[in-house]
Amino acid sequence: MAKKLGKSPAVKDEEKEGLFASCSFPDLGLHPTLCAHLQDKMGFKAPTRIQAQAIPVAISGQHMLVKAATGTGKTLAYLAPIVHLLQMREPRVERTDGTFALVLVPTRELCLQVYGIAQQLVHRFHWIVPGYIMGGENRAKEKARLRKGISILIATPGRLLDHLQHTSSFVYSNLRWIVFDEADSILELGFGKALEDILELLGSRNDASEQNKNKMESMQRQNLLLSATLNEKVNRLAKISLKNPVMIGLEEQNKTSDSSSARGKNHTSLLSDDEEKILEKHSTKVDQTVDDFKLPAQLVQRYVKGSSKCFLILVLAHVLHFLCSLNFLFYSVSCGSRLAILLTILKSLFERQLSHKVVVFLSTCDSVDFHHTVLNQLEWTSGLQLDMDKKQKFLNCKVFRLHGNMDQDDRKKSFLGFSSEKSAILVSTDVAARGLDFPKVKCIIQYDSPGDASEYVHRVGRTARIGEKGEALLFLQPVEIDYLGDLKLHGALLTEYPLQKVLDSFPVNGQRLHKRKQISLDMHPWIMSLQRALESFVTSEDTTKKLARDAFCSWIRAYTAHRGELKNIFMVKKLHLGHVARSFGLKEQPSLVGRSHQVQLKKRKKELKRERPAKRRKIPAKR
Ligand SMILES: Nc1ncnc2c1ncn2[C@@H]1O[C@H](COP(=O)(O)OP(=O)(O)OP(=O)(O)O)[C@@H](O)[C@H]1O
């Protein structure tokens, strides 16, 4: 029998920050064996505050709506009580009983991550079997695993719906819990209809028929909905999936009650009027007031701003190059040299601290592929290095890429590879923005701006987790600077990054620059040399040139896809596309780049038509 865990030693710093609760896991009602495992094997000394609030409510069987900052332990807040209640069941659960708990997550990587945590939690309760199903995996193998029986199933919505509709051996008659992790993201990704169908099939819709409601009552169905950001779409999901929910993390926002009373709150069916008001007020607050999103207190948020005078500066750049030899330094960055700036910042991060983990967020898959190639392969012998003749890699660290167009094995390799490295860069789309708990990520760079402020919050939430320090850096063009105001509305306050200092730290012809006069950074000898190296790297091979063109065209398409208020901030017509093309190492005018891209596409379509077999292929019947 595990020793009774008394009050766990408070974690001093974090407790002051309000991250950890002053109670212990046994105080929350968890089984001593599970508590011992959390402490001895998983190294968790005390519950976080959100765990201290949520776990007793989950154990009590009430529906729950949880809002808590990124990196505060929401996963354990729902998995620990589920494992606790499952291990208590008599007779013991068996695989033939099928699925008791269903956890829905928006991405495959998050599915793997939550599955890994579930595996750790059931370590001492071997009769409880976790499993996962997700897009990109072998469906036949998943069917076999479902037929055997999975007690705690982690799933992405699309694949779950598929098995619910086509895998008769999938047993969920004992389903007790449905958890929506990153709930707003699941809806944002267009799974709203799939979720409604899933709830319908599982008989878990609040607005379902009387018969389904009785079924739900009889099974004591408990739905839990968690997110670090709530929005109006979550209200809809909450309305159809939660019954008498206890709202945690919302009250603090509305200062209507302390967290202790949150547990005991009982609500009328669906969301009662005052809950509606809390959610409506809170969700409208998502757009209106400052303190909507709680960001980790130890997160440092900064931005790098481009220069509005970039055109003039670029035209003059080569003419006034000699000014640089006099060490005059302008003070702004043109969008044309933003990639050179990104490379410089990455280089300074890895020179400042040997073991560094950095995630760079980009807006499209093609852009991830292009930048992954540049960061991985760029070599140079600028005139700025002491050893003039030796080519060397610009960045001496492993660079991983992650996006939704990669095949599943490559995605898994990247995800696990970056997680296990001590020092590496991950270049990714927003597929890595939510929930992923990469250990020791010190810096998040948003080279392309996110969409809503909620996506900003989740992206930066990949660092500064569970009390760790972290930095977040956002690249902005001068025309995008109003985005800072939008972020401020949601509680994100950014300061300017000391770019000049970083640049001056790089030697020019072997000496440090002595600042005499502020001139554009585009004419900083380091930047000019790096930009030249980039352009020759990109234009030297057709493959890299094609990657650059595809990335540029996809970037423009993504830029026009901003929605709502953000459309007035991120407007393509305000950008100088020639400079944007330069930031992809391209010297051609965007129209040519775009045109050649169209020509390429037409040529590819003709090739595919020629390759396609003459006779129509028989389409396999649905299983
Ligand atoms: N009680 C605890 N004590 C120490 N570390 C913990 C505790 N609970 C969770 N952690 C660790 O904190 C990190 C963040 O946990 P988790 O990923 O569940 O956060 P989250 O709130 O779900 O974040 P996000 O909003 O980004 O999904 C993980 O590394 C986890 O192992």
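**Briefing: a cavity and an open sheet**

Strand 8 (299–305), helix 16 (338–352) and strand 16 (470–476) each supply at least two residues of the lining of the largest cavity. The model described here is a predicted one, and the points below take up its cavity and then one of its sheets.

**The cavity**

- The structure holds one cavity of 30 Å³ or more, and the volume of the largest cavity is about 50 Å³.
- The residues that line the largest cavity are V300, R302, I345, L349, C443, E471, A472, L473 and Y497.
- Strand 16 contributes three residues to this lining, which is the most that is given to the largest cavity.
- When the lining residues of the largest cavity are sorted by class, seven are nonpolar and two are charged, while no polar residue is found among them.

**The open sheet**

- Seven strands form an open sheet in which the pairing is parallel, and their order across the sheet is 3-4-2-5-6-1-7.
- The edges of this sheet are taken by strand 3 (130–133) and strand 7 (246–248), and because each of these has a single partner strand, one side of each is left without a neighbour in the sheet.
- From one strand to the next, the twist of the sheet averages 15°.

**One pair of strands within the sheet**

- Strand 5, made of residues 177–181, pairs with strand 6, made of residues 222–227, in the parallel sense, and the pairing runs over five bridges.
- Which residue of strand 6 does V179 stand opposite? The residue opposite V179 is L224.

Notes: Residues numbered from 1 in each chain as written. Predicted model: local features only at pLDDT ≥ 70, side-chain atom pairs only at ≥ 80, totals over all residues. Heavy atoms only, no water. Pairing = 2+ DSSP bridges. Helix = DSSP H or I, 4+ residues; strand = E, 2+ residues; numbered from the N terminus. Axes fitted to C-alpha atoms, helices over the stretch in contact; angles between N-to-C directions. 1 Å grid on protein atoms, 1.4 Å probe; cavity = no way out; pocket = protein on both sides within 12 Å on 5 of 7 lines; lining within 4 Å. Points joined across faces, edges and corners; volume = space filled by probe spheres on them. Nonpolar A, V, L, I, M, F, W, Y, C, P; charged D, E, K, R; others polar.
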